[in-house]
Amino acid sequence: MSSNTRPRMTRDVDSVEVIAKWIRRIGLPLAILAWTGVALLILWLAGHVLQSLLLLTVAALLAYALAPGVKLLERIMPRFLAILIVYLLILGALSALLYLIVSTAIAQFVAL
């Protein structure tokens, strides 16, 4: 009976070695794939946070740039009206600048 058990143990040891070899072969690519997924998820979340921080920074710079004009107009009118007038002036100036740029680009494109 012990002679019959001996070859089975050898086969079991061989199959365990084969299984261990395949686990090593499959485990490393799966670990790399998993860590790549984690890194991409972190970068995706950081992109959303960065976009929000960038928007907040632009809003803070705009508020900082418009504050002197609002303070100047606030002396003679209510604060809400001063903010509204300053924003309308700035948006009007930006619209005029955008109109000039677009009309010039169209003229250059037609001439091309």
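**A salt bridge, a core and a surface patch**

User: Arg-79 forms a salt bridge with Glu-74 in this predicted model; how far apart are the closest N and O atoms of the two residues?

Analyst: Side chains of opposite charge can pair when their charged atoms come close. A salt bridge is counted here when the nitrogen and the carboxyl oxygen are within 4 Å, and the count by this rule comes to one salt bridge. For Arg-79 and Glu-74, the separation of the closest N and O atoms is 3.2 Å.

User: Are Arg-79 and Glu-74 buried, partly exposed or exposed?

Analyst: A residue is called buried under 20% relative accessible area and exposed over 50%, with partly exposed in between. Arg-79 has a relative accessibility of 47%, while Glu-74 has a relative accessible area of 30%. Both values fall in the intermediate range, so Arg-79 and Glu-74 are each classed as partly exposed.

User: Which element gives the most residues to the largest nonpolar core?

Analyst: The largest nonpolar core consists of six residues, namely Leu-66, Val-70, Leu-73, Met-77, Ala-82 and Val-86. Two or more of these residues come from each of α1 (2–74) and α2 (79–111), in a chain that has two helices and zero strands. With three residues, the element that gives the most to this core is α1.

User: Which residues does Leu-73 touch, not counting those up to four places away in sequence?

Analyst: Leu-73 belongs to the largest nonpolar core, as do Ala-82 and Val-86. Ile-85, by contrast, is partly exposed at 30% relative accessibility, and this residue has its place in helix α2. The residues that Leu-73 touches, with those sequence neighbours left out, are Ala-82, Ile-85 and Val-86.

User: Where do the C-alpha atoms of Ile-85 and Leu-73 lie relative to each other, that is, what is their separation?

Analyst: Apart from neighbours within four places in sequence, Ile-85 is in contact with Leu-73 and Met-77. Ile-85 and Leu-73 are twelve residues apart along the chain, and their C-alpha atoms are separated by 8.6 Å.

User: What separates the C-alpha atoms of Leu-84 and Val-70?

Analyst: Leu-84 is found in helix α2 and counts as partly exposed at 40% relative accessibility, whereas Val-70 is a member of the largest nonpolar core. Along the chain these two residues are 14 residues apart, and between their C-alpha atoms the separation is 8.9 Å.

User: What area does the nonpolar surface patch that includes Trp-22 have?

Analyst: Trp-22 lies in helix α1 and is partly exposed, with a relative accessible area of 47%. The patch is made by Trp-22 together with Val-18, Ile-26, Leu-30 and Leu-33, and its area is about 520 Å².

User: What percentage of the accessible surface of the chain belongs to carbon and sulfur atoms?

Analyst: Of the 112 residues in the chain, 5% count as buried. The accessible surface of the chain comes to about 10200 Å², and the share belonging to carbon and sulfur atoms is 77%.

Conventions:
Residues are numbered from 1 along each chain as its sequence is written. This is a predicted model: local features need pLDDT of at least 70, side-chain atom pairs count only at pLDDT 80 or more; totals for chains, interfaces and linings use all residues. Side-chain values use heavy atoms; hydrogens and water are left out. A nonpolar core is a set of buried Ala, Val, Leu, Ile, Met, Phe, Trp, Tyr and Cys residues joined through side-chain atoms within 4.5 Å. Buried means under 20% relative accessible area, exposed over 50%, partly exposed in between (1.4 Å probe, protein chains only). Helices (H or I, at least four residues) and strands (E, at least two) are DSSP runs, numbered from the N terminus. Contact means heavy atoms within 4.5 Å. Patches are made of residues with over 30% relative accessible area and no salt bridge: like charges are joined within 9 Å, nonpolar side chains (Val, Leu, Ile, Met, Phe, Trp, Tyr) within 5 Å. Accessible areas come from the Shrake-Rupley method with a 1.4 Å probe; for residues, only the protein chains shown count as cover. A salt bridge is a side-chain nitrogen of Lys or Arg within 4 Å of a carboxyl oxygen of Asp or Glu.
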